[in-house]
Amino acid sequence: MKILGISGSPRKEGNTEILVREALKAAEEAGAEVEYLSVAGKTIKPCEACDYCVAHKRCHHDDDADLFIEKMVAADGIIMASPVYFGNVTGQVKSLIDRERVMWRQGKTLADKVGASIAVGWKWGFFETLASLDAFFLINKMVVVSNGGVPGLGLMVFSRDKGEVSTNDEALQGARDLGVRVVETVKKMSG
Ligand SMILES: Cc1cc2nc3c(=O)[nH]c(=O)nc-3n(C[C@H](O)[C@H](O)[C@H](O)COP(=O)(O)O)c2cc1C
């Protein structure tokens, strides 16, 4: 079983990265093979609606989006986390979501994979951020799970300064619970 954790923060070693790594550590302890990917330092250009992918089954951009898509298609479970930027996901995450369109053109799917979302912010915009991530999962016919926190949404963490979350035991526990929940659900679904 492969669990992929994606940090949507451009800030290396920030709160989002810490939480995703914590969730993956717990997933690994629960028996999964895990992989961490971050948008930090990567290039994910936005979709330009040029329809090149419709004709050619690939994007005309040659950048890092392909790597993310390939890893997502190969995973059984995906933990996707974003800092809140102006009340929603980061631009990098939104670009990645839109660039997934090429996957549909290639006949690949994320259907029946397990998805779990994390939003990290200073004080507002959590619901919108989680809803954007969960919408991405649901549009792709994935099964969305949470750590048992906010009903129907993902893990919500209040954190502002770089690395601040590393001393927030409750948040770290939430991330661990989320990682285990993803593994348990994949196990149940594969029966
Ligand atoms: C451009 C920008 C916009 C932000 N907008 C919000 C916001 O709307 N709501 C909020 O609560 N925090 C906002 N923040 C704070 C970040 O979400 C917060 O610092 C978070 O912990 C960053 O996670 P990271 O360390 O993984 O990058 C913003 C930060 C930046 C850089």
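Does A116 count as buried or exposed, and how many C-beta neighbours does A116 have inside 10 Å? Keep that in mind as we walk through this structure, which is a predicted model. A116 has 31 C-beta neighbours inside 10 Å. The cut-off for a buried residue is 20 or more, so A116 counts as buried.

Let us stay with this residue for a moment. A116 sits in strand β4. If we set aside its neighbours within four places in sequence, A116 is in contact with I79, V145, S146, G154, L178, R181 and V182. You can also use A116 as a starting point for a distance: L67 is 49 residues away from A116 along the chain, and the C-alpha atoms of the two are separated by 20 Å.

One of the contacts of A116 is V182, and V182 takes us into the core. The largest nonpolar core has 55 residues. V182 is among those with the most contacts inside this core, together with I3, L19, A23, A27, I79 and I118. Helix α1 gives the largest share of this core, namely seven residues. Not counting residues up to four places away in sequence, V182 touches I3, A27, G77, I79, V114, A116 and V145.

V182 is also one of the buried residues of helix α7, so let us look at that helix next. Helix α7 covers residues 169-189, which makes 21 residues. At 1.5 Å a residue it should span 30 Å, and because its end C-alpha atoms are 30 Å apart, the model agrees with that expectation. The buried residues of α7 are A171, G174, A175, R176, L178, G179, R181, V182, V183 and V186. They pack against β1 (2-7), α1, β3, β4 and β6. After α7 comes G191, with a positive phi near 55°.

Now try the same kind of check on helix α6, made of the 14 residues 126-139. Here the expected span at 1.5 Å a residue is 20 Å, and the end C-alpha atoms are indeed 20 Å apart. Buried in α6 are F126, T129, L130, L133, D134, F136 and F137. Why do these residues line one face of the helix? Seen down the axis of α6, they fall within an arc of 150°, so they line one face. As for their partners, the buried residues of α6 pack against β3 (77-83), α4 (91-99), β4 (114-121), β5 (143-144) and β6 (155-158).

Helix α4 is on that list of partners, and it has buried residues of its own: Q92, V93, S95, L96, I97 and R99. These pack against α3, β3, α5 and α6. S95 also appears among the contacts of P46, a residue in the loop between β2 (33-38) and α2. Leaving aside neighbours within four places in sequence, P46 is in contact with S95 and D98. P46 has 14 other C-beta atoms within 10 Å, so it is partly exposed. P46 and L110 are 64 residues apart in sequence, and their C-alpha atoms are 20 Å apart in space.

Next, a word on backbone angles. Most residues other than glycine have a negative phi. K57 has a positive value, near 55°. Its place is the loop between α2 (52-56) and α3 (65-74). K57 counts as partly exposed because it has 13 C-beta neighbours inside 10 Å. D112 has a positive phi too, near 70°, and D112 is found in the loop between α5 (101-105) and β4. With 13 C-beta neighbours inside 10 Å, D112 is therefore partly exposed. K141, which follows α6, has a positive phi near 60°.

Finally, let us visit the ligand. Which residues come nearest to the ligand? Of the 20 residues around it, these are S9, G14, T16, P83 and G121. The residues of this shell divide into seven nonpolar, eight polar and five charged. Helix α1 (15-29) and strand β4 each supply at least two residues of the shell. The largest share, three residues, comes from α1. So our tour ends with two elements we have already met: α1, with the largest share of the core, and β4, the strand that holds A116.

Notes: Residues are numbered from 1 along each chain as its sequence is written. This is a predicted model: local features need pLDDT of at least 70, side-chain atom pairs count only at pLDDT 80 or more; totals for chains, interfaces and linings use all residues. Helices (H or I, at least four residues) and strands (E, at least two) are DSSP runs, numbered from the N terminus. The expected span of a helix is 1.5 Å times one less than its number of residues. A residue is buried if 20 or more other C-beta atoms lie within 10 Å of its own, exposed if 12 or fewer, and partly exposed in between; C-beta atoms are placed from the backbone. The arc is that of the directions from the helix axis to the C-beta atoms. Two residues are in contact if their C-beta atoms, placed from the backbone, lie within 7 Å. A residue is near a molecule or strand if its C-beta atom, placed from the backbone, lies within 6 Å of it. Ala, Val, Leu, Ile, Met, Phe, Trp, Tyr, Cys and Pro count as nonpolar, Asp, Glu, Lys and Arg as charged, and the others, Gly among them, as polar. A nonpolar core is a set of buried Ala, Val, Leu, Ile, Met, Phe, Trp, Tyr and Cys residues joined through C-beta atoms within 7 Å.
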